[in-house]
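The following exercises are to be worked with the sequence and the coordinates at hand. Each task is followed by a solution in steps.

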Amino acid sequence: MPSISMNSDVDNTVASFSETAVEGTTENVVESMDTMQDITQFLLQLDALKHIERRSYITGGSRLENSAEHSWHLAMAAWAIATYFELPLNHERLLKMALVHDLGEIDAGDTFLYAPQRSEAHLAERQGMQRLQNHAGHGISDLVAIWEAQETGASSEAKLIKVVDRLLPFLLNINTKGRTWQDLGVSRSQVAAAHAFIANEFPIIHHWIYVQIEHATKMGWLIDE
């Protein structure tokens, strides 16, 4: 059976990388192993985001979503909306903001949108981000800066991230007949207030949310007060 080969350019690139990786002294090999140990440990730190459980149920309601899933959903949704509406945004910056958005929760955990301590959550998250920034296996020099830009910035990209970050759990609640809202006794006024800012940032999305709030209230998914 004939062997399957990559094209010559890719072959040459792989060969060059492989030669570079194995060349050098014993000290270089040891240093490379130490480097990979640092890098892989950092990657496992990132994996910990999969263990952070949120309050929103995935579609179908079989389980709660985790923060890593939410981060992926946020990145894809923000990118899709920016593209659909042809928004004048920097897509690379937008996607980076979405991907780092919840990294601080690895240390701080997720804070429910309507929890009393919500305003203090960013303090613990900021400390977690600094810990990741200082990790020996981390090579993204502006990780904390990107996180701060989406957390406190006023760029178009940061504004869209905030809108979509509110839209997605709302959407999951509508899909699961307000399951989280009903579980935790959330009221119509709480939901309306949490999403009010979207009226200025993205009126089309806010109008859709308003209609859904009215429907959810009529269905008894939200406490009517």
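The exercises below concern a predicted model and proceed from the overall fold to salt bridges, surface and pocket.

**Exercise 1. Fold and burial**

Task: Determine how many helices and strands the chain contains, in what pattern they follow one another, and what share of the residues is buried.

Solution:
- Step 1. Counting the elements gives 12 helices and 2 strands.
- Step 2. Read along the sequence, these elements follow the pattern α-α-β-β-α-α-α-α-α-α-α-α-α-α.
- Step 3. The chain has 225 residues, and 36% of them are buried.

**Exercise 2. Salt bridges between helices**

Task: State how many salt bridges the structure holds, then locate the partners of the R126–E148 pair and of the R188–E214 pair.

Solution:
- Step 1. The total is 9 salt bridges.
- Step 2. For R126 and E148, the closest N and O atoms are 2.4 Å apart. R126 belongs to helix α6 (residues 121–133) and E148 to helix α7, so this pair ties together parts that are 22 residues apart in sequence.
- Step 3. The relative accessible area of R126 is 26%, so R126 is classed as partly exposed. E148 is also partly exposed, because its relative accessibility is 22%.
- Step 4. R188 and E214 meet through their side chains in a salt bridge, with an N to O distance of 2.1 Å. R188 lies in helix α10 (residues 188–194), whereas E214 lies in helix α12 (residues 203–218), so the pair ties together parts 26 residues apart in sequence.
- Step 5. Relative accessibility is 22% for R188, which therefore counts as partly exposed. The value for E214 is 24%, so E214 counts as partly exposed.
- Step 6. In addition, R54, E65 and D110 are joined into one network by salt bridges that share partners.

**Exercise 3. The pair E69 and R63**

Task: Give the N to O distance between the side chains of E69 and R63, and decide whether E69 is buried, partly exposed or exposed.

Solution:
- Step 1. The two side chains form a salt bridge at 2.7 Å, N to O.
- Step 2. The class "partly exposed" lies between the limits of under 20% for buried and over 50% for exposed. E69, at 26% relative accessibility, is therefore partly exposed.
- Step 3. By the criterion just used, R63 is partly exposed, because its relative accessible area is 38%.

**Exercise 4. Surface positions**

Task: Identify the residues that make the nonpolar surface patch of about 250 Å², and describe the setting of L171.

Solution:
- Step 1. The patch is made by M36, I39 and L43.
- Step 2. Of these residues, I39 is placed in helix α2. I39 is partly exposed, because its relative accessible area is 31%.
- Step 3. L171 is located in helix α8 (residues 156–175) and, at 36% relative accessibility, counts as partly exposed.
- Step 4. L171 and Q212 are 41 residues apart along the chain, and their C-alpha atoms are separated by 9.1 Å.

**Exercise 5. The second largest pocket**

Task: Characterise the second largest pocket by its space, its lining residues and their classes.

Solution:
- Step 1. The space in this pocket is about 290 Å³.
- Step 2. Its lining consists of 13 residues, of which L46, L99, V100, L103 and L143 are the closest to the centre.
- Step 3. Two or more lining residues come from each of α2 (26–47), α3 (67–84), α4 (91–100) and α7 (143–152).
- Step 4. Sorted by class, the lining comprises 11 nonpolar, 1 polar and 1 charged residues.

Methods:
Residues numbered from 1 in each chain as written. Predicted model: local features only at pLDDT ≥ 70, side-chain atom pairs only at ≥ 80, totals over all residues. Heavy atoms only, no water. Helix = DSSP H or I, 4+ residues; strand = E, 2+ residues; numbered from the N terminus. Buried < 20%, exposed > 50% of the residue type's maximum accessible area, 1.4 Å probe, protein only. 1 Å grid on protein atoms, 1.4 Å probe; cavity = no way out; pocket = protein on both sides within 12 Å on 5 of 7 lines; lining within 4 Å. Points joined across faces, edges and corners; volume = space filled by probe spheres on them. Nonpolar A, V, L, I, M, F, W, Y, C, P; charged D, E, K, R; others polar. Patch = residues over 30% accessible without salt bridge, like charges linked within 9 Å, V, L, I, M, F, W, Y side chains within 5 Å. Areas by Shrake-Rupley, 256 points an atom, 1.4 Å probe, with all protein chains shown as cover. Salt bridge = Lys/Arg side-chain N within 4 Å of Asp/Glu carboxyl O.
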